[in-house]
Amino acid sequence: MPDAPLDCLIIGAGPAGLTAATYLARFRRHLLLADAGASRARWIPASHNCPGFPFGVAGNELLARFRLQADAYGVPRAEARITRLQRHAEGFIASDGERHWQARTVILATGVVDRLPRLEGLEEAIAQGVVRLCAVCDAYEARDDMIGVLAPVEAAIDHAAFLRTFSRRVCALATDQDTPGRRWQERAAAAGVELWPAPVALTLAEGACEARFPDGRHLRLDTLYPVLGADAQSGLAAALGAELDGEGALVVDAHLQTTVPGLYAIGDVVSALNQISVAVGHAAIAATAVHRGLPPNYC
Ligand SMILES: Cc1cc2nc3c(=O)[nH]c(=O)nc-3n(C[C@H](O)[C@H](O)[C@H](O)COP(=O)(O)OP(=O)(O)OC[C@H]3O[C@@H](n4cnc5c(N)ncnc54)[C@H](O)[C@@H]3O)c2cc1C
């Protein structure tokens with residue numbers, strides 16, 4: 001273990017963690033950025049709502065730029081999946097099972113992992129925009145498409161209704177219903193949404209997704225939005241007793257501090273809108289709060 005504890009250990013190098021690292025390096029703090037290398041942003045074929053990119057930017061290109069910016073200020077990075085975080089008299093001790101790091105504060109920027117449908121060729125379908133995972137991000141790009149939402153009935157109808165802003169043809173595919181009842185049919189009809197039962201198969205072909213149903217009917221969808229939830233990567237904080245919301249995301253205060261003093265959380269892992277602009281905003285607030293809360297580093 002190094003002699004001097006880190007001022008801050010940042011866990012996760014997506015947009016949130018990389019932005020926090022750049023801020024803290026510019027505050028001349030002693031830090032380390034540990035990352036397991038699976039940012040959700042890597043799935044983004046092209047983001048068109050990311051501020052500062054009027055013609056869109058691919059997720060991997062954006063991550064490369066964030067890394068370049070952190071590198072410019074000498075941010076040390078470790079390829080590591082942190083598996084254990086414990087309290088310590090002077091802060092925290094983190095471990096990846098082999099190495100240990102001692103830190104006065106920790107920023108958790110570990111994101112979420114999407115629950116995805118079983119669908120052969122899924123990655124390619126996401127790259128082509130046939131399968132989309134975030135309506136707030138990219139429903140504009142799916143405007144006037146034949147759109148399907150795959151989810152348990154209530155979520156399917158709600159998300160389909162949100163998508164009616166963008167297309168007249170939106171179908172809710174209710175994963176938990178063999179024969180959706182009248183209550184659900186009426187609710188879907190009120191939003192101008194077609195309600196379908198659970199499909200027996202989903203396949204990809206020629207830039208579309210085909211859903212087949214038990215009675216032999218099928219639907220050709222230009223765009224499919226699975227809304228099956230996501231697992232917040234909040235386990236390290238939960239093990240320290242940090243408060244979670246009903247979805248497993250971390251509850252934080254106005255400075256992005258969790259209910260465990262010295263442990264901050266930013267980006268998708270926090271109970272908030274899962275967006276790049278939110279993640280970098282969280283990072284700016286948390287990094288500044290961490291710097292102000294640490295003993296001064298006067299030169
Ligand atoms: C298909 C798709 C399209 C999207 N389009 C847009 C868009 O157009 N606009 C927009 O604003 N948002 C979009 N998003 C959402 C955006 O990608 C996320 O909001 C953003 O990536 C969140 O950043 P983050 O840093 O919080 O988490 P992430 O980017 O997910 O990064 C988390 C990092 O933490 C690491 N990690 C997790 N656990 C550990 C651990 N124990 N130890 C070490 N490292 C760990 C992970 O490996 C990962 O590298 C899209 C998402 C998807 C999937």
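Me: Which residue in β12 is the bridge partner of Thr-203?

Reply: Glu-210 is the bridge partner of Thr-203. Keep in mind that this is a predicted model, where local features need pLDDT of at least 70, side-chain atom pairs count only at pLDDT 80 or more, and totals for chains, interfaces and linings use all residues. Residues are numbered from 1 along each chain as its sequence is written, and side-chain values use heavy atoms, without hydrogens and water.

Me: How do you know that β11 and β12 pair?

Reply: Strands (DSSP runs of E, at least two residues) pair if DSSP finds at least two bridges between them. Five bridges join β11 to β12 (residues 208-212), so the pair qualifies, and the two run antiparallel.

Me: What makes β11 and β13 edge strands?

Reply: The open sheet has the order β11-β12-β13, with antiparallel pairing. β11 (201-205) and β13 (218-221) each have a single partner strand, so one side of each lacks a neighbour in the sheet. Neighbouring strands here are turned by 20 degrees against each other on average, direction ignored.

Me: Why is the crossing of α1 and α8 called right-handed?

Reply: In a right-handed crossing the near helix is turned clockwise from the far one by less than a right angle. Helix α1 (residues 15-26) and helix α8 (residues 276-293) pack at about 35 degrees, their axes 8 Å apart, and α1 passes α8 in just such a right-handed crossing. (Helices are DSSP runs of H or I, at least four residues; axes are lines fitted to C-alpha atoms over the stretch in contact, and angles run from 0 to 180 degrees between N-to-C directions.)

Me: Which residues make that contact?

Reply: Contact means heavy atoms within 4.5 Å. Among them are Thr-19 and Tyr-23 of α1, and Ala-283 and His-291 of α8.
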